[in-house]
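Trainee: Could we go through this model together? I would like to see how each descriptive word is earned.
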Amino acid sequence: MSHIPSEALSESPLAPAGALPLVELRGVSKRFVKALDSSMRIANLFGAGMREEIVRAVDHVDLGIHAREVVGLVGESGCGKSTLGRLAVGLLSLSAGERLWQGKPLGSLAPAAAREQQLKMQMIFQDPYAALNPRMRVVDIVGEAPVVHGLITTRQQVEYVGLQLNRVGLDPTLMRRFPHQFSGGQRARIGIARSLAVKPEFLVCDESVAALDVSIQAQVLNLFMDLQSALSLTYLFISHDLGVVQHISDRVVIMYLGRVVESGPTAELFAAPNHPYTQALLAEIGRVEPRKRVFVPIKGEIPSPLAPPSGCHFHPRCPYAMAKCKDVAPPLDEIAPGRWSACYLNDVALQ
Amino acid sequence: MTPAADPLLDVEGLCTRFFTKAGVVKAVQDVSFSVRRGEVLGLVGESGSGKSMTGYSIMGLIDPPGRVVAGRILFDGRELSSLSPEAMRRLRGNRIAMIFQDPMMTLNPVLRIDAQMVETIRAHGRVSHSAALERSREALVKVGIPSPDERLKGYPHQFSGGMRQRVAIAIALLNEPALIIADEPTTALDVTIQGQILFEMQKLSRETGAALIWITHDLSVIAGLADRICVMYAGRIVEEGTTADVLTAPRHPYTRGLLDSVPANTPPRERLRQIPGMTPSLLEIGPGCAFRSRCSRAQDDCEHDPEMRPYGAVGQAIRCFHPLEAP
């Protein structure tokens, strides 16, 4: 680790200082561009002035995740949290920025090395119904990748898949069945077994418990926690459910319209949210307390990512918005050790 | 806020079954409850518990192969199952309204919002087009839709998910119903938008004095909204009581397990006390307590059907032979 200059360490603002993160995203952005079709280009010749539509799904995000850490990524629909997860795992190409694994840039790897590297990062998807091929048997769903990547031989497949299924709490005798013969919770377990079959170190869980009933969700959350301690896994846990994130994460990152607005250790962030958006979000957290509560909503809608507001994206809905919030986006500053927030109110508080 | 003594809706022994090729699905079994004027009743359960089908049965929206096979639904003193389809149609969307999880189940994608709202009003009374339009505008204002005049001329696809749900709620409110059945109306929405909708619903039920049946799987939504809760499991109500009693001192092992499954009730990073196993298929349910295979308190007598037994204060009841001790 000595070859890493100390500046490089302090450059990852969303990670606790001192250690080298397992996965690191530096200034990553993802733009989705809808190019002009031929009719639009012809219309432009006559002065229609049509432009390409650009969505900045992820806009300059820095994120470092340490080994055996669980980072919760929270945001509402359209905030770019799933896109960021796909960027982290390598399912989408970066429009800008850099991805690093244990301090080494991943972009410069040779194809064979990149392929091997890719096995260490896996994704567990949201919808256990859509993520499994309905025409494949469980033994193939779980056992195909380890065979293809040479971890096991075809002859070892049945035994290996049996072990994998046991580990996620499924009966190995069911491996000849098809996905439709399982319940939602069991399908979630198959998805987890498939990801773990290639022995990854880093897992991106994209809303992996969102589609499940409360009692089944509790079972799957317990499974995630058990597997993490048994296999020393690192998670990026993406969810809109603050209760789930609060329960499972060491650190929380809050996104709004493609940008990180706040991050910090879970207990501290939930105890004292800094950014007005986080405060509003936490006010909505579901508590099972039988108190007639007065629902006090945040005003307004989530703006379209096609035309995000200028400056701080949250300013049209923010109760404390100032004049400069409209002009320039506030930088993500460290407000306390390990706590980062992008809000001008912190400057005001300092003065 | 003093509800009248006689209930607005009284459901007794409701059974709804689906006669499918694979067998008879007992979606709703022996469900009884009542709702008073101005009261908010939470109907809580996981998928397949029969909570939505209970709502559909009251609305008379069960389609073949499903059928309400037994039970009495008294609404405002009238037996609903004895009504002709025409009389039922006059009641629906007028005195009883339903809000669905997906607002596109309510909204017609090819009609403008004003056409859909005016139609709803004029289907139930002799109102001039301009008066109906004015009432529609007021309803949109009531549910917090900005620039209602402009929005009335829009099509559903021009609205966001939260705005569509507001329009659906506005349509449900148009004829000032005495009873609103809301079937998971906030489940598909983002948390901040869900907060807005809950705020509007809470305000509206206070202002109009309408009774509200809120169907959901989310205990945290119901905790802040409902006066009373019915917990359903595998087609049956297993526990009923005031929100405070059910959530702080549940007596049925399933309710306890459901509350323990909510992450917020366990310290962070600790294992959740999960309910083992999974919900039984409604096709295979035999006699006896449907929860017994997952229940830690189950004994031999659980193979017989437990009855709904009242306990404690008025209106509290559980369906269990071996309930948890009262704290």
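Mentor: Gladly; we will take the words one at a time, keeping in mind that this is a predicted model.

Trainee: What makes chain B as compact as a globular protein of its length?

Mentor: Start with its make-up: chain B has 10 helices and 12 strands. Its radius of gyration is 21 Å, and the globule rule gives 20 Å for 327 residues, so chain B is as compact as a globular protein of that length. The C-alpha trace spans about 65 × 50 × 45 Å along the principal axes.

Trainee: How many of the residues of chain B count as buried, and what does the word require?

Mentor: A residue needs 20 or more other C-beta atoms within 10 Å of its own, and 46% of the 327 residues of chain B count as buried. As for contacts in chain B with a separation of 6 or more, 66% of them are between residues 24 or more positions apart.

Trainee: Now to chain A. Why are helix 5 and helix 7 of chain A called roughly parallel?

Mentor: Helix 5 (residues 138–148) and helix 7 (residues 184–196) of chain A pack at about 25°, with axes 7 Å apart. Angles under 35 degrees count as roughly parallel, and therefore these two helices of chain A are roughly parallel to each other. Their crossing is right-handed.

Trainee: Which residues meet there?

Mentor: From helix 5 of chain A come Val138(A), Ile141(A) and Val142(A), and they meet Ile190(A), Ala193(A) and Arg194(A) of helix 7 of chain A. By class, this contact has five nonpolar, no polar and one charged residues.

Trainee: And how do you know how helix 7 of chain A lies against helix 8 of chain A?

Mentor: By the same kind of reasoning: helix 7 and helix 8 of chain A pack at about 20°, with axes 10 Å apart. With the limit for roughly parallel at under 35 degrees, these helices of chain A are therefore roughly parallel too. Helix 7 of chain A passes helix 8 of chain A in a right-handed crossing. Among the residues that meet are Ala188(A) and Ile192(A) in helix 7 of chain A, and Val220(A) and Leu223(A) in helix 8 of chain A. The contact divides into five nonpolar, three polar and one charged residues.

Trainee: What makes two residues count as being in contact across the chains, and how many are?

Mentor: Their C-beta atoms must lie within 7 Å, and 37 residues of chain A are in contact with 39 residues of chain B. Helix 8 of chain A gives the most to the chain A side, with nine residues. That side divides into 15 nonpolar, 13 polar and nine charged residues.

Key
Residues are numbered from 1 along each chain as its sequence is written. Chains are lettered from A and ligands numbered from 1 in the order in which they are written. This is a predicted model: local features need pLDDT of at least 70, side-chain atom pairs count only at pLDDT 80 or more; totals for chains, interfaces and linings use all residues. Helices (H or I, at least four residues) and strands (E, at least two) are DSSP runs, numbered from the N terminus. The radius of gyration is taken over C-alpha atoms; the globule rule is 2.2 Å times the number of residues to the power 0.38. A residue is buried if 20 or more other C-beta atoms lie within 10 Å of its own, exposed if 12 or fewer, and partly exposed in between; C-beta atoms are placed from the backbone. Axes are lines fitted to C-alpha atoms, for helices over the stretch in contact, and angles run from 0 to 180 degrees between N-to-C directions. Angles under 35 degrees count as roughly parallel, over 145 as roughly antiparallel, 65 to 115 as roughly perpendicular and the rest as oblique. A crossing is left-handed if the near helix is turned anticlockwise from the far one by less than a right angle, and right-handed if clockwise. Ala, Val, Leu, Ile, Met, Phe, Trp, Tyr, Cys and Pro count as nonpolar, Asp, Glu, Lys and Arg as charged, and the others, Gly among them, as polar.
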